Amino acid sequence: MTRIDITTGSRLHFGLICGSPSTAWRFGGIGVMLRQPGWQLSVDNGPADDDRISASTAVELRIREFLQRIRKTLPCGPLQIHVTGSVPFHTGLGGGTQLGLALAAAAELLTNRRLGEDPFQLAECTGRAERSAIGTIGFVQGGFLVDHGHEMSGSTNRRVDRHQFPEAWRFVLVRPTDSEGISGHREQTFFARHRNMPRKLVADLESQILEGIVPSIHRLQFPKFAASLEHYGNSVGSFYEAEQGGVFSHPAMIQLASLPRVQGVFGMAQSSWGPCIAIPAESHDHATQIAGRIPESTANCHLNISIAEAMNNSASIRTPHDDSCTRHFQ
């Protein structure tokens, strides 16, 4: 096996639920995989001396970090990696997890000529899925995902439930240009200090997921989905607002949140630590209308505005001999 071409999506995560053993949902939550933006990269056995990586400086550094981790588990040789599409890091889109899993999958295929059945093995060798499992399961299944939390790992129930997301629905993504959310040591410190949400908040979030968000997806009830998602985002954001400066983490997003409601836009929710926020739309035309109502800048900050569709399938992994995308996970 020589070159491997991988295309991933990105993910929205609408906020971790920090439950306790008595309330469940320890690092649970909800999220959805997106087709855009996504990683596009080719990985091949490289020259004998060293890895050769064609990417921006920031992406190259991150790839080298992942490869250092991966080689503690997989004895893969030097690689030649060419990146043609990327996901911005630390913006709420899960770019690091998708890149790490893509590299681990490529290394597994080049080393063992196969992929194992457990995606968490890929996550473990890249240092991902420490808390949330949404990006890991999303990499191999796509769709809208409900993560029931860590305590489900030892039970007979699945930790993550996958739901087919309506093909027509879209998300309008808005984020400040050249801005990042909380990550690294600051994130670790926060979760070490704030282990458990109040019981009432966990119960409210659970109700929004099981009685509002998931049923509205199955029944194609877009208004209910948008309202429930906004409620969920505001509620979970109340737990993080002292750390990030508000329900939304960036001043431009806080200011923006007061504008769309007046213009008939509902459902805004932040992804992870942000600064990216997502606004659901019932169709591509609806998404275009929403995007047109959002100013190009606010709070003296230029905004990146895009439209994304959900990805209901796994990341694609193929070799030059494949006639079509090869799905290696079930």
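A residue counts as buried when its relative accessible area is under 20%. Phe 225 comes in at 0%, so this residue is buried. The model behind that value is a predicted one, and Phe 225 makes a handy way into it.

Start with the rings around that residue. The structure holds eleven aromatic pairs. One of them joins Phe 165 to Trp 169 in an edge-to-face arrangement, with 5.5 Å from centre to centre and 80° between the planes. Both partners are tucked away: Phe 165 has a relative accessibility of 1% and so counts as buried, and Trp 169, at 4%, is buried as well. Trp 169 also pairs with Phe 225, this time in a tilted geometry, the centres being 5.2 Å apart and the planes at 40°. That second pair ties together distant parts of the chain, since Trp 169 sits in the loop between β9 (160-163) and β10 while Phe 225 belongs to helix α7 (residues 222-244), 56 residues apart. Zooming out a little, ring pairs link Phe 14, Phe 144, Phe 165, Trp 169, Phe 171, Phe 222 and Phe 225 into a cluster.

Rings also turn up next to charges. The charged end of Arg 26 is placed over the ring of Phe 27, 4.1 Å from the ring's centre. Likewise, Arg 62 lies over the face of Phe 89, and here the distance to the ring centre is 4.8 Å.

On to the strands. Strand β10 (residues 170-176) runs antiparallel to strand β14 (residues 301-309), and seven bridges join the two. Within this pairing, Arg 170 is found opposite Glu 309 of β14. Strand β14 has another antiparallel partner in β13 (residues 297-298), this time over two bridges. Ser 297 has His 302 in β14 as its bridge partner. The β13 and β14 hairpin leaves two residues between its strands, and Ala 299 there takes a positive phi near 50°.

Helix α2 (residues 95-112) passes a simple length check. With 18 residues at 1.5 Å a residue, α2 should span 26 Å, and the end C-alpha atoms are indeed 26 Å apart, so the two values agree. Of those 18 residues, 16 are buried, which means that α2 is largely enclosed by the rest of the structure. Just past the helix, Arg 113 adopts a positive phi of about 60°.

Glu 108 is part of helix α2. Its relative accessible area is 11%, and because the cut-off for buried is under 20%, this glutamate falls on the buried side. Setting aside neighbours within four places in sequence, Glu 108 is in contact with Leu 74, Arg 113, Arg 114, Leu 115 and Gly 116. Arg 113 thus appears twice, once for its positive phi just after α2 and once in the contact list of Glu 108.

Glu 130 is another glutamate worth a look, in the loop between α3 (119-126) and α4 (134-141). Its relative accessibility is 46%, so Glu 130 counts as partly exposed. Apart from residues up to four places away in sequence, Glu 130 touches His 150 and Gln 188. Between Glu 130 and His 150 there are 9.7 Å from C-alpha to C-alpha, with the two lying 20 residues apart in sequence.

Key. Residues are numbered from 1 along each chain as its sequence is written. This is a predicted model: local features need pLDDT of at least 70, side-chain atom pairs count only at pLDDT 80 or more; totals for chains, interfaces and linings use all residues. Side-chain values use heavy atoms; hydrogens and water are left out. Two strands pair if DSSP finds at least two bridges between them. Helices (H or I, at least four residues) and strands (E, at least two) are DSSP runs, numbered from the N terminus. The expected span of a helix is 1.5 Å times one less than its number of residues. Buried means under 20% relative accessible area, exposed over 50%, partly exposed in between (1.4 Å probe, protein chains only). Rings of Phe, Tyr and Trp (its six-membered ring) pair if their centres lie within 6.5 Å; planes under 30 degrees apart count as stacked, over 60 as edge-to-face and the rest as tilted. A charge sits over a ring if NZ of Lys or CZ of Arg is within 6 Å of the ring centre and within 35 degrees of the ring normal. Contact means heavy atoms within 4.5 Å.
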